[in-house]
Amino acid sequence: MKFQNREPQPAAMQMAPMIDIVFLLLIFFIVTWQFSREEMDLKIAVPSSEEGADPKRVLGEIVLNVRTDGSVSVWGETKTKDQLKETLAAIATQHKNQPVRVRGDATTPFQKIVEVIDTCQQAGIWNISFATQRPETGN
């Protein structure tokens, strides 16, 4: 009697599903990176603090960029006080604990920052934090 030699064949790895997953991950990271870049106004240099807050973002946090001249931008659009109040009030009615992060330039007059805080409070937002950075160490 003659037996056939049946050696187990190595399992073939399917490449098409792996390539699909890699492209989906790539698209996901590119899209989320673009959204996070829109929120940060690169013209603003936030003040430094030794005990600065953890830079981790809260889910759904709104970033208000306050420039040196006192203008405020949200989601890449410059808004007046009334427009900002209207936008924040609409969000505050939907989300009671809506977090807001104020990114004020280090040279912005404190009065302008207080006006933005006042606008947030008038809109019904109380969860306000401030963006800072760690001081540069001279090595």
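This passage describes the fold, the surface and selected residue environments of a predicted model of one protein chain.

The protein chain contains three helices and five strands, and these elements succeed one another along the sequence in the pattern α-β-β-β-α-β-α-β. Of its 139 residues, 27% count as buried. When contacts are restricted to residues at least 6 apart in sequence, 74% of them join residues at least 24 apart. The accessible surface of the chain amounts to about 10,700 Å², and carbon and sulfur atoms account for 59% of that area.

Part of this surface is a nonpolar patch of about 700 Å², to which M13, M15, M18, I19, F23, L26 and I30 contribute. One of these residues, I30, is located in helix α1, which spans residues 15–39. Its relative accessibility was computed as 46%, a value that lies between the limits of 20% and 50%, and I30 is therefore classed as partly exposed.

A single aromatic pair was identified in the structure. The pair is formed by F28 and F29, whose ring centres are 5.3 Å apart and whose planes meet at 70°; because an angle over 60 degrees counts as edge-to-face, the pair is assigned to that class. In general, the description of a pair of aromatic rings rests on the distance of the centres and the angle of the planes. With regard to solvent accessibility, F28 has a relative value of 47% and counts as partly exposed, whereas F29, at 52%, counts as exposed; the two residues are assigned to separate classes because the limit for exposed residues is set at over 50%.

A further environment that was examined is that of T108, which is placed in the loop between strand β4 (99–104) and helix α3 (110–122). The relative accessibility of T108 is 9%, and the residue is therefore counted as buried, the cut-off for that class being under 20%. The side chain of T108 reaches the backbone oxygen of R67, with a separation of 3.2 Å. Once residues up to four places away in sequence are set aside, the residues touched by T108 are V66, R67, T68 and I113. R67 thus appears both among the residues that T108 touches and as the residue whose backbone oxygen is reached by the T108 side chain.

Technical notes. Residues numbered from 1 in each chain as written. Predicted model: local features only at pLDDT ≥ 70, side-chain atom pairs only at ≥ 80, totals over all residues. Heavy atoms only, no water. Helix = DSSP H or I, 4+ residues; strand = E, 2+ residues; numbered from the N terminus. Buried < 20%, exposed > 50% of the residue type's maximum accessible area, 1.4 Å probe, protein only. Contact = heavy atoms within 4.5 Å. Areas by Shrake-Rupley, 256 points an atom, 1.4 Å probe, with all protein chains shown as cover. Patch = residues over 30% accessible without salt bridge, like charges linked within 9 Å, V, L, I, M, F, W, Y side chains within 5 Å. Salt bridge = Lys/Arg side-chain N within 4 Å of Asp/Glu carboxyl O. Polar contact = N/O pair within 3.5 Å; in protein donor to acceptor, adjacent residues only side chain to side chain. Phe/Tyr/Trp six-rings, centres within 6.5 Å; stacked < 30°, edge-to-face > 60°.
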